[in-house]
Amino acid sequence: MIKKTKIFLAIFFTALTAVNAEVFTIGGIQINGLQRISRGTVLSYLPAGVRVGSSMESERSANIIRALYDTNFFSDVAVKRSGNILIINVVERAVIGSLKVSGNKKLSKQQLMEALKNVGIAEGQELNLAILKGMEHAIGEQYRSMGLYNTKIAIEVKDEDSNRVTVAINIVEGPRAKIKSINIIGNEAFKQNILLRELTLSKTKPWSFLTGSDQYSKEKLEADLEKLRSYYMDRGYLKVNVETSKVLITPDKKNIYITIKIVENSIYRFSRWEINGDLLNRREEIFKLVTIKSGDIFSRKAVIEIQANIAQLLGNDGYAMAEIRPDYGIDDNLKKVWIKFTIKPNHRVYLRKINFMGNNRTNDEVLRREMRLQEGGLFSTTKINESTRRLANLGYIKDIEHRIVPVAGANNQADLHYSVKEDTAISMQLQAGLSDKEGFLYGMSVRDQNVFGTGKSASIQFDNTKAHQSYGISYYDPYFTTDKIGLAVNGYVHKNNPNKISDELSSYRSSTYGVNVAIDIPISDYTQIVWGVGMEHIGLGHAHDSIKNTKMEKFIEDYGTSFNQIKLSSSLGYSNMDRAIFPTSGFAHSLSIDGYLPFNKQGLLFYKADYVAKYYRPLIRDFILRLSGELGYGDGLCNTKILPPFRNFFAGGIGTVRGFDADTIGSEEDKDRVIGANLLTVASASIIIPIPAKDVVRPSIFVDVGSVHDRSFSASDLRASYGIQIEWRTPLAPLVFSFAKPMRKKAWDNAALFQFSLGANI
């Protein structure tokens, strides 16, 4: 409207000038006011016939003004005449030289800049105040949809040199409006508290700062309404109506009250079903996938599952584009639903190409070798799902999506496009500080799981405190041979002298030097076996003469203080976890056995076995059950009568029994000189709590039970604790924070309410 008014006024005032008084022949064209735009550009936009030597008539003035305004290059255009010279005066639109956004926290600068660019507002573009004003409203609406009703947006335009301006968008987001109540009306079949559990949104609760469930947004509410519809339709209410009755916000825009209206109508039941179409001679198998029976309460979820199961069955035979359409027949009088599945397999589909997008650092080969279907072969839904799972278990690939794209002109070919997002593969830990127990401490570790994008990993680390020194270097190639056999090499040095911290700790010092080489052989997509061999030297020495552990003293008396060992290791592992970082479902367990042989006379003969299991299972509303356990046992062989104390198992702290000082759980006999034991039993159960940042931070509540035992298991040795744990995947290293309280302990145990770990396995 503003632009049309300007054009009208420009034409009106031009009509008053001499240029329209009479027809004349254009002897020249003079353009005034150009700064950035070239004369040639303006001439190219003039109407046809406005050229030197052509006749200038009155109506052409209006055409010139319209044509130049339509370019959006100019904020003002005027046409005059001086003799036989046509004079065009223009004022160029100001150019945005600088675009600044400040005060935004909930919306990223990138999001805001992209939104501005989409409506033609970007650095280097001409300034359009009308669009800028509209964008102010659009940004405000985006904030309001997030529940930030108090957001204030101010736009300031400042003139600069050379017809340029600086546009500053200042945002004051204000507090987010919180949900004070959600009221459901019209529900008769289910109580309100049952229905509220299905919603993501909720009124403010003590833990809402973790989940964000009390933060209103229109999108969240729409999703919750759909959840309620699904809840009813999965329980027979085919014609339920769920809608938002009212969303009220208080005058101070801080609190929101939501009312949801439900019209339940009647329960419907399945009457019968049938399957039509091309069954590809798989009639019996397909019919087994139909789980509904006549008289069953109608469930939309059951119908969707049947569709998915039939699609997977056909997809495994290459029918990637199969259509399974459910058609309903509804008898409103008898409240019955008749359903017919129509199957159209279409053509068998062969895979032409696999394409990867988003892997800017990782080589295509690294991702391609995880594929369980090959180019040129038949499509398989199961193999696609397994390929996706394997990508997620690499540890540095996330947000994996795939889509099947038909090849134009070939109805039996398609491409498989994978879109991935790379997570950081490099973790670095820098440690420096001053401890009241260990004095000055420092250390560093760097691990790269994807060296130069090759999928190989390497790490180097050192730690130095008053009592402990540790150095290590490792290398792993998961595809060392063409047969997919992996190779791992690592070397290490460990020195311990706990007595330097306190006389109450271990009365001996130890030093270990070793190198180990191992190969892992895949047995299946879920199972692998590892074989390794290494050399190790262990040296022991007395650290203090006053208080000694009698078990350790007896061992040194019987076997000495210096040992040269050959280490043979083997393990068998299985894992079907859905992903490596923050898994949500799956089971993994492994059994490892290490045997130590004497390299010379200064050697021992003993073994250690360790079984570890983890289990994840999704529960309702994105809660996750996590169970874990560990059973370890070691003993001597032949002339070595016991497991050497320096290879004992330890318990206490993160990873075993939280709420107790790390590695301090033991018998009363060893309370002054804890040296562990040859038997370890640990079990843990926890519930993982969903929060908005669930891929970065994972809180959970837990119960731990466990201990170490000398030679044989005794239930009386067990300790137990409960508490809260927070796992945080930072860009540099994973962090774990634990707040735990012992609920079964011994009088001599050392409790630890708060513990944390850097680089823990999460």
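## A buried glutamate to start with

Glu173 touches Gly103, Asn104, Lys105, Lys106, Leu107, Tyr143, Leu148, Asn150 and Thr151, leaving out residues up to four places away in sequence. Glu173 sits in the loop between β8 (164–172) and β9. With a relative accessibility of 5%, Glu173 counts as buried. Bear in mind throughout that this is a predicted model.

## The whole chain

Stepping back, the protein has 13 helices and 33 strands. Of its 762 residues, 41% count as buried. The accessible surface comes to about 39400 Å², and carbon and sulfur atoms account for 55% of that.

How do the contacts spread along the sequence? Take those between residues at least 6 apart: 60% of them join residues at least 24 apart.

## Two nonpolar cores

The largest nonpolar core has 45 residues, and those with the most contacts inside it are Leu195, Tyr216, Ile258, Ile260, Ile262 and Ile343. Both helices and strands feed into this core: β9 (178–185), α8 (218–233), β11 (255–263), β12 (269–277), α10 (300–315) and β14 (336–344) each supply at least two of its residues. Apart from it lies another core, of 21 residues, with Phe379, Leu391, Ile397 and Ala425 among them.

Back in the 45-residue core, Ile262 gives a feel for the packing. Not counting residues up to four places away in sequence, Ile262 touches Ile184, Ile185, Gly186, Asn187, Leu195, Leu228, Tyr232, Val240, Asn241 and Val242.

## Helix α12 and its surroundings

Helix α12 covers residues 381–392, so 12 residues by the run that defines it. From first C-alpha to last, α12 reaches 17 Å, close to the 16 Å expected at 1.5 Å a residue.

Which residues of α12 are buried? They are Ile384, Glu386, Ser387, Thr388, Arg389, Arg390, Leu391 and Ala392. The buried residues of α12 pack against β15 (350–357), α11 (364–368), β16 (397–407), β17 (410–422) and β25 (562–575). Two of these residues turn up elsewhere in this report: Leu391 belongs to the 21-residue core, while Arg390 is linked with Glu370, Arg372 and Asp525 in a network of salt bridges.

## Salt bridges

Side chains of opposite charge can pair when their charged atoms come close. The count here comes to 24 salt bridges.

One of them joins Asp317 and Arg282, with the closest N and O atoms 2.0 Å apart. This pair links distant parts of the chain, 35 residues apart: Asp317 is in the loop between α10 and β13 (323–331), and Arg282 is in the loop between β12 and α9 (283–288). Asp317 is partly exposed at 21% relative accessibility, whereas Arg282 counts as buried because its relative accessible area is 18%, under the 20% cut-off.

Glu274 and Arg272 also meet through their side chains, at 3.5 Å from N to O. Glu274 is partly exposed, with a relative accessible area of 26%, and Arg272 is partly exposed too, at 48%. Then there's Asp327 with Arg325, where the closest N and O atoms are 3.3 Å apart. Asp327 has 25% relative accessibility, so it counts as partly exposed; Arg325, at 46%, is also partly exposed.

## Lys239 in its loop

Lys239 lies in the loop between α8 and β10 (241–249). Is Lys239 buried, exposed or partly exposed? Its relative accessibility is 36%, so it counts as partly exposed.

Leaving aside neighbours within four places in sequence, Lys239 is in contact with Val263, Glu264, Asn265, Tyr268, Ile330 and Asp332. Asn265 is 26 residues away from Lys239 along the chain, yet their C-alpha atoms are separated by 6.3 Å.

## A nonpolar patch on the surface

On the outside, Tyr475, Val489, Val515, Val517, Val533, Met535, Leu568, Leu597 and Phe599 form a nonpolar patch. Together they have about 690 Å² of accessible area. Two strands, β23 (508–522) and β24 (527–542), each supply at least two residues of the patch.

Val533 is one of the patch residues, and is found in strand β24. At 43% relative accessibility, Val533 counts as partly exposed, which fits the patch rule of over 30% relative accessible area.

Conventions: Residues are numbered from 1 along each chain as its sequence is written. This is a predicted model: local features need pLDDT of at least 70, side-chain atom pairs count only at pLDDT 80 or more; totals for chains, interfaces and linings use all residues. Side-chain values use heavy atoms; hydrogens and water are left out. Patches are made of residues with over 30% relative accessible area and no salt bridge: like charges are joined within 9 Å, nonpolar side chains (Val, Leu, Ile, Met, Phe, Trp, Tyr) within 5 Å. Accessible areas come from the Shrake-Rupley method with a 1.4 Å probe; for residues, only the protein chains shown count as cover. A salt bridge is a side-chain nitrogen of Lys or Arg within 4 Å of a carboxyl oxygen of Asp or Glu. Helices (H or I, at least four residues) and strands (E, at least two) are DSSP runs, numbered from the N terminus. Buried means under 20% relative accessible area, exposed over 50%, partly exposed in between (1.4 Å probe, protein chains only). A nonpolar core is a set of buried Ala, Val, Leu, Ile, Met, Phe, Trp, Tyr and Cys residues joined through side-chain atoms within 4.5 Å. Contact means heavy atoms within 4.5 Å. The expected span of a helix is 1.5 Å times one less than its number of residues.
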